[in-house]
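Below are some remarks on the model you asked me to look over. They are set out as numbered points, to be read alongside the sequence and the structure.

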Amino acid sequence: MPVRFYDENGSERDLSWAEDMYGTQAIHDPGVLPVFALTALHAASGEEKVLTITVEDESGRPLPRVVVGLGPRDVGGQVQKVTTDGGGRARLALDDAHRYNVPGQGHYACAVVEAASHVHNSAGWVNLGRNKPGRWLNPVFRHRPAEPGPTPTPGPTTPTDERWAELLARLDRIIELLQQGRPG
């Protein structure tokens, strides 16, 4: 499922638009199912700089009580964790530590915590200059159920009466040989 990008007006954009406006868009896929897949990134801007993470079920309905997090990527540091509300949203304040300059990339990551999840490794807000509002991308994670695996190989079937008789005859022969002190 590819990630879709949307500008602040809700119009769909492509990866090149996102990279031009927000820098490199790096997404880590844990390769584990079921997983919360990053499905969309919605443009936002403003002075308050609040990252809104949305979590949905397989059908796109809001998922409340899911823990999401925002933390430094590739370095130690504290992860901010918040639980989604009844609308499936969690809000995390972005301070100056979450600021980066294009064409660089964000050095924070966000994901669903306590479950397999894609990780958006380019979280943070773009510095547009002194005393100007920043811009960032709000992620949407959707639960992707386990896909059907390979068809299992059928195991042994229940022996027929004829097969049971054959197996019992073999067993009798082995017992007889063991009693005679000869290997079977």
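1. In this predicted model, a polar atom of the Ser-122 side chain lies 3.0 Å from the backbone nitrogen of Ala-26. Ser-122 belongs to strand β11, and with a relative accessible area of 3% the residue is buried, because the cut-off for that term is under 20%. The distance of 3.0 Å between the two atoms also falls within the 3.5 Å allowed for a polar contact.

2. The strand that carries Ser-122, β11, is part of an open sheet of 5 strands, whose order is β3-β11-β10-β6-β7 and whose pairing is antiparallel. At the edges of this sheet stand β3 (27–28) and β7 (80–83), and each has a single partner strand, so that one side of each is left without a neighbour in the sheet.

3. At the β7 end of that order, β6 and β7 run antiparallel and are joined by 4 bridges. For a reader who wishes to find this pairing in the structure, Val-67 is a convenient place to begin, its bridge partner in β7 being Thr-83.

4. Strand β13, which spans residues 134–144, deserves a separate look, as it is mostly covered, with 10 of its 11 residues buried. Its pairing with strand β4 (residues 35–46) is in the antiparallel sense and extends over 11 bridges; within it, His-42 has Asn-138 of β13 as its bridge partner. Strand β13 also runs parallel to β5, to which it is joined by 3 bridges, and here Glu-56 stands opposite Arg-142 in β13.

5. Which backbone angle of Arg-65 deserves a check, given that this residue is not a glycine? The angle is phi, which is positive at about 60 degrees. Most residues other than glycine have a negative phi. Arg-65 is found in the loop between β5 (50–56) and β6 (67–72), where the residue is exposed, with a relative accessible area of 69%.

6. A positive phi also occurs at Glu-114, again a residue other than glycine, with a value near 65 degrees. This residue lies in the loop that runs between β10 (108–112) and β11 (119–123). Is Glu-114 buried or exposed? Its relative accessible area is 70%, and Glu-114 therefore counts as exposed, since that term requires over 50%.

Methods. Residues numbered from 1 in each chain as written. Predicted model: local features only at pLDDT ≥ 70, side-chain atom pairs only at ≥ 80, totals over all residues. Heavy atoms only, no water. Helix = DSSP H or I, 4+ residues; strand = E, 2+ residues; numbered from the N terminus. Buried < 20%, exposed > 50% of the residue type's maximum accessible area, 1.4 Å probe, protein only. Pairing = 2+ DSSP bridges. Polar contact = N/O pair within 3.5 Å; in protein donor to acceptor, adjacent residues only side chain to side chain.
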